[in-house]
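Q: I am new to this structure and would like a close look at a single part of it. Please take me slowly through the pairing of charged side chains, and explain each term as it comes up.

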Amino acid sequence: MTSAVADDIPAPVPVLASRAARRRRPVRPGKVIGETLFYLAVVIVVLIALFPFYWILRTSLLSNSQVAAGVGGANGIVPSHLSGEAYKNVFTQASFLTPLVNSIVVALATTVVTIVVASMAGYALARLRIRGAGAILGFILLAGFFPVLAMIGPLFLVLRDLGWLNSIWPLIIVYLVYTLPIATWLLKNFFEQIPAELEDAALVDGATRLQVLRKVVIPVAIPAVFTAAILSFILAWNDFAFAVSFLTSTGHFTAPVAITTFGQSQYQTFYNLIDAAVVIISIPIALLVLFAQRRIVSGLTAGSFR
């Protein structure tokens, strides 16, 4: 009854006038032109950014004869004929399966080791009273930004003296240079946002710190852990500098290093084989980012508000 009476009461004249003015307000040509130019610029930037990826995919779908013919003629921006010959030759002639398996093993093992170590280190820095914690965090940050090429010489000498060259297993330890700093910082910042009362309750019940981390903290911090794992996998998967410096035989090559040996002949380089291998090793990363983008965003933004 009350709502019906309220609906029958006419709105004040100034309110009605303002609504009518908003309806009749003309669209400014300058605003329309500005928005049009902005979206046009966005489209141009996106096209420029995506064109190299399109060219790699396009080249990977050419046959050897088309690559030998060059870019002109039938092999323009959009080729008249596409072929999957290069993808077949990558696995049959270039034996790309072994380097692919090597990369999968190294990247997965590096990710597991990184998450285990970074979880314990991040939790200790976030919750325990450690003397010199600021200096430790500064050192971790410095290690993350230290030039990779400057580490290759000392690490090469160490691996040579230990007899660990030309093996994929030492790469798991070496890749921690990439992955540990960013994972430790990410998890440490997230752990600080978890209410300490949850951990205190578990400690009162007799749980140890490791049990609290494993059964209480990690389940709550799944978005950050997932994000750290994905970033670690990507960094280890894409490495070229360490792998090309420490691996010498083709049977131990990882996928990025093996690509450099593809498509080489006495008179010509068949870029379709190289680009086909590039597309193949890009698929796992693209799928990870595509299906886990929400978790990545939530994990990266977690702990940013205090």
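A: The answer below begins with how the model should be read and then follows the charged pairs one by one. This is a predicted model, in which local features need pLDDT of at least 70 and side-chain atom pairs count only at pLDDT 80 or more, while totals for chains, interfaces and linings use all residues. Residues are numbered from 1 along each chain as its sequence is written, and side-chain values use heavy atoms, with hydrogens and water left out.

Side chains of opposite charge can pair when their charged atoms come close. A search of the whole structure finds four salt bridges, a salt bridge being a side-chain nitrogen of Lys or Arg within 4 Å of a carboxyl oxygen of Asp or Glu.

One of them is formed by the side chains of Arg127 and Glu199, with 2.7 Å from N to O. This pair links distant parts of the chain, since Arg127 belongs to helix H6 (residues 97-127) and Glu199 to helix H11 (residues 196-204), 72 residues apart. Helices here are DSSP runs (H or I) of at least four residues, numbered from the N terminus. Glu199 counts as buried because its relative accessibility is 2%, where buried means under 20% relative accessible area, exposed means over 50%, and partly exposed lies in between (1.4 Å probe, protein chains only).

Glu199 also meets the side chain of Arg209 in a salt bridge, here with 3.7 Å from N to O. This pair, too, is described as linking distant parts of the chain, with Arg209 in helix H12 (residues 209-220), Glu199 in helix H11, and their positions 10 residues apart. With a relative accessibility of 34%, Arg209 counts as partly exposed, whereas its partner Glu199 counts as buried. Salt bridges that share partners therefore join Arg127, Glu199 and Arg209 into one network; Glu199 is the partner of Arg127 in one bridge and of Arg209 in another.

A further salt bridge among those found is made by the side chains of Arg160 and Asp161, with 3.7 Å from N to O. Arg160 is partly exposed, its relative accessible area being 46%, while Asp161, at 60% relative accessibility, counts as exposed.

Taken together, the picture centres on a network that joins Arg127, Glu199 and Arg209, in which Glu199 is buried and Arg209 is partly exposed.

Definitions and conventions. Helices (H or I, at least four residues) and strands (E, at least two) are DSSP runs, numbered from the N terminus.
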